[in-house]
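Work through the exercises below with the sequence and the model open. Try each task before reading its solution.

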Amino acid sequence: MEELKEITLASMPRIGDKAPEFRAVTTQGNIHFPNDYQGSWVILFSHPADFTPVCTSEFMTFASLESKFNEANCELVGLSIDGLYSHIAWLRTIKEKIEYKGMKNVEVKFPLIEDITMEVANKYGMIQPGEDNTKAVRAVFFIDPHGIIRTIIYYPLSLGRNFDEIYRVVIALQTADKFSVATPADWQPGDEVIVPPAGSCGVAKDRMENTDEDVHCYDWFFCTKKIEKEEILNAILKKEELSH
Ligand code: BEZ
């Protein structure tokens, strides 16, 4: 059996924690995180290194989707374990040379953090020594407008992220906040949402007797209601974007 690698426990922010603060140099100037993003959702995502194929495919995809995330009041911030000049060279190569799945001349307008010292990556538990000692895993932190971490997804080095899922998480978190509901398995806007569980025997009884015709109960603890896709998107997407 392969010998177990000795693991040094690094700090790992958790869901519900305040996003650890840092100042960093990026391809768009200096940032003070998460303070500069107060009032917006922000996705902080990490890459193992520049000039690597999976990362390039992901970076092009994220850059192509940036306006869609921005419409949902969500900013993007990338991190890669390389220096600023390498970042600039990589982004120039992407724009000037790479055509991939119909994406070309892709300009990355969101900040890419220089983290050659791995200081930020270590703060966010992005270095996972069982996977690699010097390359960040593919982490995705979803941070709300108050700077609180709301969802974390980790992928290993060999697995490119699913961007439909990343967008779905942003919309589902905002839907949960705006409508005080939860979202069931594989939820998409327009599907039924889950109403808060009955908090008293009286409410449980009412629910089972169908006193609210908008609410459908599978059992007293599992009740759903419909919120139209349009209502959700109207509540979430920036108004000026909806008119296009
Ligand atoms: C990549 O992005 O292609 C990659 C980076 C590090 C390890 C393996 C793959």
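**Exercise 1. A proline and its surroundings**

Where is the place of Pro156? Describe its exposure and its neighbours as well.

Solution. The model is a predicted one.

- Step 1: Locate the residue. Pro156 sits in the loop between E7 and H4.
- Step 2: Classify its exposure. The relative accessible area of Pro156 is 32%. Buried would need under 20%, and exposed over 50%. Pro156 is therefore partly exposed.
- Step 3: List its contacts. Leaving out residues up to four places away in sequence, Pro156 touches Glu131 and Arg138.
- Step 4: Compare sequence and space. Pro156 and Gln128 are 28 residues apart in sequence. Their C-alpha atoms are 9.4 Å apart.

**Exercise 2. A threonine in a strand**

In which strand is Thr151 found? Is Thr151 buried or exposed?

Solution.

- Step 1: Assign the element. Thr151 belongs to strand E7.
- Step 2: Check the accessibility. Thr151 has a relative accessible area of 16%. The cut-off for buried is under 20%, so Thr151 counts as buried.
- Step 3: Collect the contacts. Not counting residues up to four places away in sequence, Thr151 touches Ile15, Val140, Phe141, Phe142, Val169 and Leu173.

**Exercise 3. Salt bridges of Arg150**

Which residue forms a salt bridge with Arg150 at 2.8 Å? Find the Asp144 pair too, and classify the residues involved.

Solution.

- Step 1: Take the 2.8 Å pair. The partner is Asp177, with that distance between the closest N and O atoms.
- Step 2: Place both ends. Asp177 lies in helix H4, residues 163-179. Arg150 lies in strand E7, residues 149-155. The two residues are 27 apart and link distant parts of the chain.
- Step 3: Take the other pair. Arg150 also forms a salt bridge with Asp144, where the closest N and O atoms are 3.2 Å apart.
- Step 4: Classify each residue. Arg150 is partly exposed at 22% relative accessible area. Asp177 is partly exposed at 41%. Asp144 is buried at 7%.

**Exercise 4. Salt bridges across the structure**

How many salt bridges does a search of the whole structure find? Examine the pair of Arg14 and Asp17, then name a network.

Solution.

- Step 1: Count. The search returns 8 salt bridges.
- Step 2: Examine the pair. The side chains of Arg14 and Asp17 meet at 3.4 Å, N to O. The limit is within 4 Å, so the pair qualifies as a salt bridge.
- Step 3: Classify the partners. Arg14 is exposed, at 56% relative accessibility. Asp17 is partly exposed, at 22%.
- Step 4: Name the network. Salt bridges link Glu58, Arg138 and Arg161. Arg138 also appeared in Exercise 1, as a contact of Pro156.

**Exercise 5. Sorting the cysteines**

Which cysteines form a disulfide? Give the handedness of the link, then deal with Cys55 and Cys74.

Solution.

- Step 1: Recall the chemistry. A disulfide is a covalent bond between the sulfur atoms of two cysteines.
- Step 2: Find the pair. The structure holds 1 disulfide. Cys217 and Cys223 form it, with their sulfur atoms 2.0 Å apart.
- Step 3: Read the torsion. The angle about the S-S bond is 105°, and the link of Cys217 and Cys223 is right-handed.
- Step 4: Check burial of the pair. Cys217 is buried at 14% relative accessible area. Cys223 is buried at 1%.
- Step 5: Treat Cys55. Cys55 is in no disulfide, and the nearest cysteine sulfur, that of Cys74, is 20 Å away. A disulfide needs sulfur atoms within 2.5 Å. Cys55 is buried, with 0% relative accessible area.
- Step 6: Treat Cys74. Cys74 is in no disulfide either. Cys74 is buried, at 1%.

**Exercise 6. The whole chain**

How many helices and strands are in the chain? Add its extent, burial, contacts and charges.

Solution.

- Step 1: Count the elements. The chain has 7 helices and 10 strands.
- Step 2: Give the extent. The C-alpha trace spans about 65 × 55 × 35 Å along its principal axes.
- Step 3: Quantify burial. Of the 244 residues, 45% count as buried. The accessible surface comes to about 13,300 Å², with 51% belonging to carbon and sulfur atoms.
- Step 4: Assess contact range. Consider contacts between residues at least 6 apart in sequence: 67% of them join residues at least 24 apart.
- Step 5: Tally charges. There are 25 positive and 38 negative side chains. The centres of the two sets lie 4 Å apart.

Key: Residues are numbered from 1 along each chain as its sequence is written. This is a predicted model: local features need pLDDT of at least 70, side-chain atom pairs count only at pLDDT 80 or more; totals for chains, interfaces and linings use all residues. Side-chain values use heavy atoms; hydrogens and water are left out. Buried means under 20% relative accessible area, exposed over 50%, partly exposed in between (1.4 Å probe, protein chains only). Helices (H or I, at least four residues) and strands (E, at least two) are DSSP runs, numbered from the N terminus. Contact means heavy atoms within 4.5 Å. Accessible areas come from the Shrake-Rupley method with a 1.4 Å probe; for residues, only the protein chains shown count as cover. Lys and Arg count as positive and Asp and Glu as negative; His and the chain ends are not counted. The place of a charge is taken as NZ of Lys, CZ of Arg, CG of Asp or CD of Glu.
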